[in-house]
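Trainee: I'd like a close look at just one part of this protein, please: how a helix packs against its partners. Take me through it slowly.

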Amino acid sequence: MSGLEIALLLTALVLAGALVFRRRAGEAALLEEKRLLEAARAEAKEVLEAAKAEAKELLEVARREARALREEAQATRERTLQEAEELLRRRQAEAEARLKGLEERLRVQEAELKEERERLRAEREELKKEAERLSKRAEGLDLREARLSETEARLKSKEEALWEREKAISEREREVEKKLQEVAGLSREEAQRLILERLEAELEEEKAQRVRAALEKARLEAKREAQKILAQAMQRQASETAAQLAVSVVPIPSDAMKGRIIGREGRNIRTFEALTGVDLIIDDTPEAVLLSSFNPIRREIARMALEELMQDGRIHPGRIEEVVEKAKQEMKTLLYEKGEEAALEAGVVGLKPGLVQLLGRLYFRSSYGQNVLKHSVQVAHLSGIMAAELGLDPVVARRAGLLHDIGKSVDRELEGTHVEIGLALAKRFGEGEEVLDAIAHHHDPENAKTLYAVIVSAADALSAARPGARRESLEEYLQRLESLEKIALSFPGVEQAFAVQAGREVRVIVRPDQISDAKAVLLAREIARRIEQEMNYPGQVQVTVVRETRVVEVAR
């Protein structure tokens, strides 16, 4: 109830009371009633004024509170709108970045798909040509079969005639033999035995002398020719001896960058290691971080991605994924370029793109500190030079030399030796028989079917044996020499053993009373087999068994 209503109610009550009093008191109390009425009116007027003032004050307070609430609501609305707009812009930027990444991946996949279609189209054309060649060959074989049938019929008739003639000659020989037996008084078997014994006794010494002389002459000529060819190849071939190693230390602008690389609660470094497969080591090393991985290609991708992130400055999981994917694509391009450069330097043309890509992977592979790609190029040059000297095709020899270690490009990822893997890859990409034989037997040229495998094996040994080509510690070198001598001395009949030529030859001196010439050959084979089974060594090891017989007599 407001103050105005209260005043009106009081006024009504006062008037009612006055009327009642007037009726009761009569005329005598009229003046008193008027006085009271005037007082009530004055009091009601005061109460009314106070109620109006209080109502006005309450209304003013209510207006101020409503104005404050309105202003606060307006500020809250503007702040909420700004936060919503900021969140919308951030989400839109992230969506655009992801869309751009997806578009880039789509373009790369489309390019790969196009390349695969081209390869399949080329293979389809090759298969079509091969089918045509086989069809022509089948027609030629049919003609040849018809000719062979005619020739076989003629030979059969001639064979029947010869059989009749041989039969007549046999009957005549029996008659002559019978007459000779009657004259000599010996049977046929006894006469043959006497003649053979006499001929064997006369020819044994001459045969031994001729064989020994022929072997010695062939050995000297082969050794002289081999030394000439190898000397010419080594003189004409020169390359750097230092091997290029993959970088595992990445410099950073300041130590403050290490915290940004790690990220909040380590999420950046965990994302980086999961995407690259490389351990990122952040320690007290000033202004540097370490990349640890047994796979040099992964380590190089991680290095490229980390340098890109530090240059950009934005390091968070989304950006890390984008940069690592970009580094992988750049690595594919780099591998292809390295493979093309190696093929161009070796003078080998016509390699398929997949084989060029695998060849480029050898740039990040080393063997005893020697870069395998540079080693392959050098083997290609040496093989071409030796093939030209021997009158063979230098183009095929260079191709076989360049691809002889192609299995090492993926031997960490597949089961089997690099020879088996390389042979499978070369067959897959359609290489020729000479190249396949060289890849399969460049470590055992004795079982090779072509001379190209022998040439590649010699070139491989030359490239690996150059001073400084491969790195080996002094301790490992001494252990290898001691192991070679220990294996040779473990065989009975061996008197002394010496590892010479930096461990590439073992000279074994045997006791002549215990080891014969025939056993010396078997002993050399057994020692070589034990060395192959029990030791790891670069190149090859030659085993030389020396058996010396001395006869001493004193003249008095």
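**Helix H7 and its partners**

Mentor: Of the 556 residues in the protein chain, 27% count as buried (under 20% relative accessible area with a 1.4 Å probe, protein chains only; exposed is over 50%, partly exposed in between). Bear in mind that this is a predicted model, where local features need pLDDT of at least 70 and side-chain atom pairs pLDDT 80 or more, while totals for chains, interfaces and linings use all residues. Residues are numbered from 1 along each chain as its sequence is written, and side-chain values use heavy atoms, leaving out hydrogens and water.

Overall, the chain has 15 helices and 8 strands (DSSP runs, H or I of at least four residues and E of at least two, numbered from the N terminus). Among its contacts (heavy atoms within 4.5 Å) with a separation of 6 or more, 60% link residues 24 or more positions apart.

Now zoom in on helix H7, residues 317-346, beginning with its partner H6, residues 296-312. The two pack at an angle of about 130 degrees, and their axes (lines fitted to C-alpha atoms over the stretch in contact, with angles from 0 to 180 degrees between N-to-C directions) are 9 Å apart. So H6 is oblique to H7 (roughly parallel is under 35 degrees, roughly antiparallel over 145, roughly perpendicular 65 to 115, and oblique is the rest). H6 passes H7 in a right-handed crossing (the near helix is turned clockwise from the far one by less than a right angle).

Who touches whom? From H6 come Ile297, Glu300, Ile301, Met304, Ala305, Glu308, Leu309 and Asp312. They meet Arg319, Ile320, Val323, Val324, Lys326, Ala327, Lys328, Glu330 and Met331 in H7. By class, that contact has 10 nonpolar residues (Ala, Val, Leu, Ile, Met, Phe, Trp, Tyr, Cys, Pro), no polar ones (Gly among that class) and 7 charged ones (Asp, Glu, Lys, Arg).

Then follow H7 to its partner H9, residues 372-389: the angle is about 20 degrees, with the axes again 9 Å apart. H7 and H9 are therefore roughly parallel to each other. H7 passes H9 in a right-handed crossing too. Lys338, Ala342, Glu345 and Ala346 are what H7 brings to this contact, and H9 supplies Leu373, Val377, Ala380 and His381. By class, you get 5 nonpolar, 1 polar and 2 charged residues for H7 with H9.
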